[in-house]
Amino acid sequence: VTHSIPACIGSMTFNSKQLDNQSPVSIFAVNKCYVTVQDGTFFDGSGFAALVREGYKVRSDVNITLEFRTTAVHGVLLGVSSAKVDAIGLEIVHGKVLFHVNNGAGRITAIYEPRGTNNLCDGKWHKLQANKSKHRISLIIDGNLVQTDNPYIQSTSADTNNPIYVGGYPADVKQNCLTSKSSFRGCLRNLVLTKSQHAEFYDFSRAFDLRGVFPHSCPGVEH
């Protein structure tokens with residue numbers, strides 16, 4: 001067995017002596033255990049998950065769905081970029097969700113702004129769907145649709161070739177369709193990217209780089 005166990009371990013004794021797990025000599029990718037847990041992946045606000053090492057090609061169409069839960073008003077949700085300007089990005093800025101797309105001619109943005117007492121940063125689960133179909137983009141949050149006009153109708157393909165970064169991205173990585181550098185703090189689950197009717201579910205435990213991300217459980221209540 002070469003991989004770690006996704007579990008909580010407590011009250012361990014070694015040669016009849018209780019081990020002190022509160023002050024370990026060294027520690028790596030170990031989080032605290034929670035009294036109540038939910039399915040999903042916990043992002044502690046310091047890092048990111050990197051998926052598709054060989055690079056994800058958005059091109060003409062992509063449909064992104066995910067669920068998020070956070071109490072922070074800022075945070076990167078997802079970004080896929082290129083060495084040029086082509087890119088897509090999803091982020092929370094001042095409690096609003098922004099979906100950016102650049103097909104090469106210029107960035108366009110769909111913005112979902114909660115109305116009245118609605119709050120996306122209330123620690124409850126919210127459903128997000130972001131769709132790019134050629135030059136058209138739309139954003140659906142909890143069933144509420146936002147669309148935006150795109151003046152660059154001749155430009156239809158986002159020629160990306162970088163990994164999918166979720167919850168943040170490394171400092172030395174360029175993201176052309178994200179305005180925030182804040183890593184996401186909270187929980188994400190059910191990330192699916194669909195292209196031409198082919199849906200791909202992304203398991204965060206299979207990410208090629210995980211920093212500050214705990215893929216097997218979310219705290220039931222954040223502290």
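Glu67 is buried, with a relative accessible area of 12%, where buried denotes under 20% relative accessible area, exposed over 50%, and partly exposed the range in between (1.4 Å probe, protein chains only). The model is predicted, so that local features need pLDDT of at least 70 and side-chain atom pairs count only at pLDDT 80 or more, while totals for chains, interfaces and linings use all residues. Residues are numbered from 1 along each chain as its sequence is written, and side-chain values use heavy atoms, with hydrogens and water left out.

The carboxylate of Glu67 takes part in a salt bridge with Arg189, in which the closest N and O atoms are 3.1 Å apart; a salt bridge is defined as a side-chain nitrogen of Lys or Arg within 4 Å of a carboxyl oxygen of Asp or Glu. Because Glu67 belongs to strand β5 (residues 61-70) and Arg189 to strand β14 (residues 185-195), the pair ties together parts that are 122 residues apart in sequence. Strands, like helices, are DSSP runs numbered from the N terminus (helices H or I, at least four residues; strands E, at least two). In contrast to the buried Glu67, Arg189 is partly exposed, at 23% relative accessibility.

The structure contains three salt bridges. One of them joins Asp203 to Arg206, with 3.9 Å between the closest N and O atoms. Asp203 is partly exposed, having a relative accessible area of 31%, whereas Arg206 is exposed at 71%. Another joins Arg211 to Asp209, and here the closest N and O atoms are 2.9 Å apart. Arg211 is partly exposed, with a relative accessibility of 43%.

Zero disulfides were found in a search of the whole structure, a disulfide being a pair of cysteine sulfur atoms within 2.5 Å. For Cys121, which is in no disulfide, the nearest cysteine sulfur belongs to Cys187 and is 14 Å away. Cys121 is buried, with a relative accessible area of 8%, and Cys187 is likewise buried, at 0% relative accessibility.

Pockets were identified on a 1 Å grid over the protein atoms alone: a cavity is a set of points where a 1.4 Å probe fits but cannot get out, and a pocket is an open set with protein on both sides within 12 Å along at least five of seven lines, lining residues having an atom within 4 Å of a point. Grid points are joined across faces, edges and corners, and a volume is the space filled by probe spheres set on the points. The largest pocket holds about 1,400 Å³ of space. It is lined by 36 residues, of which Ile5, Ala7, Ala29, Val30 and Asn31 are the closest to its centre. Strand β16 (residues 209-214) gives the most to this lining, with five residues. By class, the lining of the largest pocket comprises 19 nonpolar, 14 polar and three charged residues; Ala, Val, Leu, Ile, Met, Phe, Trp, Tyr, Cys and Pro count as nonpolar, Asp, Glu, Lys and Arg as charged, and the others, Gly among them, as polar.

The second largest pocket encloses about 210 Å³ of space. Among its 14 lining residues, those nearest the centre are Gly40, Thr41, Arg189, Asn190 and Phe201. Strand β14 gives the most to the lining of this pocket, with four residues. The lining of the second largest pocket is made up of six nonpolar, five polar and three charged residues.

Val52 is placed in the loop between β4 (41-51) and β5 and is buried, at 19% relative accessibility. The C-alpha atoms of Val52 and Pro163 are separated by 5.1 Å, although the two residues are 111 residues apart along the chain. When neighbours within four places in sequence are left aside, Val52 is in contact (heavy atoms within 4.5 Å) with Pro163, Ile164, Tyr202 and Phe208.

Backbone angles in the loop between β14 and β15 (198-201), where Ser196 is found, were also examined. Ser196 has a positive phi of about 50° although it is not a glycine, and the residue is exposed, with a relative accessible area of 58%. Gln197, placed in the loop between β14 and β15, has a phi near 70°, again a positive value in a residue other than glycine. Gln197 is exposed, with a relative accessible area of 77%.
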